Amino acid sequence: MSKNMIWITGADGHVGTALHKVLPEHGYHVLCTNKEDVDVTDMDAVRLYAEMNRPTVIINCAALTNPSECEANPEEAYKVNAIGARNLATAAERLGAKLVQMSTDDVFDGDSEVPYNEFDNPVPRSIYGKSKLAGERMVSSLCTRHIIIRSSWVYGTGADFVHEFLEADGRIEVASDECAVPTSAKELAKVIMNLIDGTNYGIFHIVCTGGPVSRYEYAVKLKELTGKDIEVKETAGQKHVRPVYSLLDNMMLRICGLEEPADWKESLQEFLKEMR
Ligand SMILES: NC(=O)c1ccc[n+]([C@@H]2O[C@H](COP(=O)([O-])OP(=O)(O)OC[C@H]3O[C@@H](n4cnc5c(N)ncnc54)[C@H](OP(=O)(O)O)[C@@H]3O)[C@@H](O)[C@H]2O)c1
């Protein structure tokens with residue numbers, strides 16, 4: 001059976017880069033675009049590219065992801081995160097393609113003391129979270145064959161916390177009151193591949209198992225696994241733009257009989273081993 005033809009938008013970003021590395025290794029034909037090739041906020045450009053290339057799956061990784069930048073430029077945040085998603089949703093619908101919309105734990109307020117599942121009501125606080133939720137709603141209302149994926153603390157390709165730790169100059173300050181689950185991009189990509197090939201639709205939380213973990217504990221684990229001589233200093237009580245507690249529960253994966261990603265400590269260890 002021939003594999004799906006997949007169009008990844010925002011392919012030079014963090015998650016896009018991981019996906020376009022992993023998917024071809026598994027035999028998928030992948031088309032990658034960045035902002036210069038196809039600006040997702042430009043409806044005509046999105047339609048033209050979609051009609052010319054006729055992908056069977058679109059994975060939307062294009063986004064404005066810096067929470068502080070979103071607070072400073074809310075219109076730009078909604079334009080990219082909501083209107084961009086809308087444009088891809090209508091293009092996918094016209095083609096009868098699947099749309100995989102990347103989203104985030106920031107759609108929750110972070111006030112819960114138990115993990116958030118896919119049926120919990122999202123209440124975003126930040127512009128980033130609000131604009132990503134608006135994007136989710138555009139996708140679910142405009143594209144029949146949609147899969148919305150929320151993840152957290154993705155690492156794997158460079159501009160992430162693992163690399164920030166590895167590049168720290170002897171000392172790193174990290175919050176002990178910010179909790180989520182570090183998720184390996186490779187593990188995320190594996191689950192996305194299963195979803196692309198299957199017949200499940202809807203919202204899926206995809207995070208590594210074994211959490212929650214604070215940023216501080218995450219840094220301490222990195223220190224233990226790498227043996228690096230870096231002092232890890234704990235901070236707390238600072239103002240966070242992101243939710244403080246945002247543990248996502250992969251409930252949909254479990255109830256749909258799909259495999260969850262590996263434990264965060266094991267995948268982190270494997271990632272560091274592969275880096276050497
Ligand atoms: N990384 C994480 O920890 C994480 C966690 C949960 C969810 N997610 C979700 O995963 C998705 C990808 O995140 P990421 O970490 O890969 O973000 P990223 O590294 O910031 O990448 C986003 C990409 O989108 C591109 N882009 C921005 N505006 C665009 C436009 N108008 N048209 C086309 N491309 C545009 C950016 O290009 P420029 O750099 O040129 O602007 C960048 O290459 C997002 O939906 C995010 O919410 C990420």
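Tutor: Before we look at any loop, helices here are DSSP runs of H or I with at least four residues, and strands are DSSP runs of E with at least two, both numbered from the N terminus. The model is predicted: local features need a pLDDT of at least 70 and side-chain atom pairs count only at pLDDT 80 or more, while totals for chains, interfaces and linings use all residues. Residues are numbered from 1 along each chain as its sequence is written, and side-chain values use heavy atoms, with hydrogens and water left out.

Student: OK, so how many helices and strands does the protein have?

Tutor: The protein has ten helices and twelve strands. Its radius of gyration, taken over C-alpha atoms, is 18 Å, close to the 19 Å that the globule rule (2.2 Å times the number of residues to the power 0.38) gives for 276 residues, so the protein is as compact as a globular protein of that length. Along its principal axes, the C-alpha trace spans about 55 × 40 × 40 Å.

Student: And what share of the residues counts as buried?

Tutor: Of the 276 residues, 53% count as buried, where buried means under 20% relative accessible area, exposed means over 50% and partly exposed lies in between, using a 1.4 Å probe and protein chains only. If contact means heavy atoms within 4.5 Å, then among contacts between residues at least 6 apart in sequence, 82% join residues at least 24 apart.

Student: Can we switch to the ligand? Which residues come nearest to it?

Tutor: Of the 24 residues around the ligand, Val15, Thr65, Tyr128, Lys132 and Val154 come nearest, and a residue is near a molecule if one of its heavy atoms lies within 4 Å of it. Three elements, α1 (14-25), β4 (98-104) and α5 (127-142), each supply at least two residues of this shell, and the largest share, three residues, comes from β4.

Student: Which polar atoms of the protein are by the ligand's own oxygen and nitrogen atoms?

Tutor: A polar side-chain atom of Tyr128 lies 2.6 Å from an oxygen atom of the ligand, a polar backbone atom of Gly13 is 3.3 Å from an oxygen atom of the ligand, and a polar backbone atom of Val40 is 3.0 Å from a ligand nitrogen. The protein covers 81% of the 890 Å² of accessible area that the ligand has on its own, with areas taken from the Shrake-Rupley method with a 1.4 Å probe and, for residues, only the protein chains shown counting as cover.

Student: You mentioned β4, so what is Val100 in contact with?

Tutor: Val100 is found in strand β4 and is buried, with a relative accessible area of 1%. Leaving aside neighbours within four places in sequence, Val100 is in contact with Val57, Ile58, Ile59, Asn60, Ile147, Ile149 and Ile196.

Student: Is Ala62 buried or exposed, and where is it?

Tutor: Ala62 sits in the loop between β3 (57-60) and α3 (67-72), and because its relative accessible area is 13%, it counts as buried. Beyond its neighbours within four places in sequence, Ala62 is in contact with Thr9, Gly10 and Val40, and the last of these is the Val40 whose backbone is 3.0 Å from a ligand nitrogen.

Student: What about Glu187, is that one buried or exposed?

Tutor: Glu187 lies in helix α7 (residues 185-197) and counts as buried, because its relative accessibility is 8%. The side chains of Glu187 and Lys190 are joined by a polar contact of 3.0 Å; such a contact is a pair of N or O atoms within 3.5 Å, and within protein one must be able to donate a hydrogen and the other to accept it, with residues adjacent in sequence counting only if both atoms are side-chain atoms.

Student: Last topic, the backbone: where is the cis peptide bond?

Tutor: A cis peptide bond joins Gly211 and Pro212, with omega at about 5 degrees, and Pro212 lies in the loop between β10 (202-205) and β11 (213-214). Most residues other than glycine have a negative phi, and most peptide bonds are trans.

Student: Then which residues other than glycine have a positive phi?

Tutor: Arg54 has a positive phi of about 45 degrees although it is not a glycine, and Trp153 likewise has a positive phi, near 45 degrees. Arg54 lies in the loop between α2 (43-53) and β3 and is partly exposed, with a relative accessible area of 48%, whereas Trp153, in the loop between β5 (146-151) and β6 (154-155), counts as buried at 9% relative accessibility.
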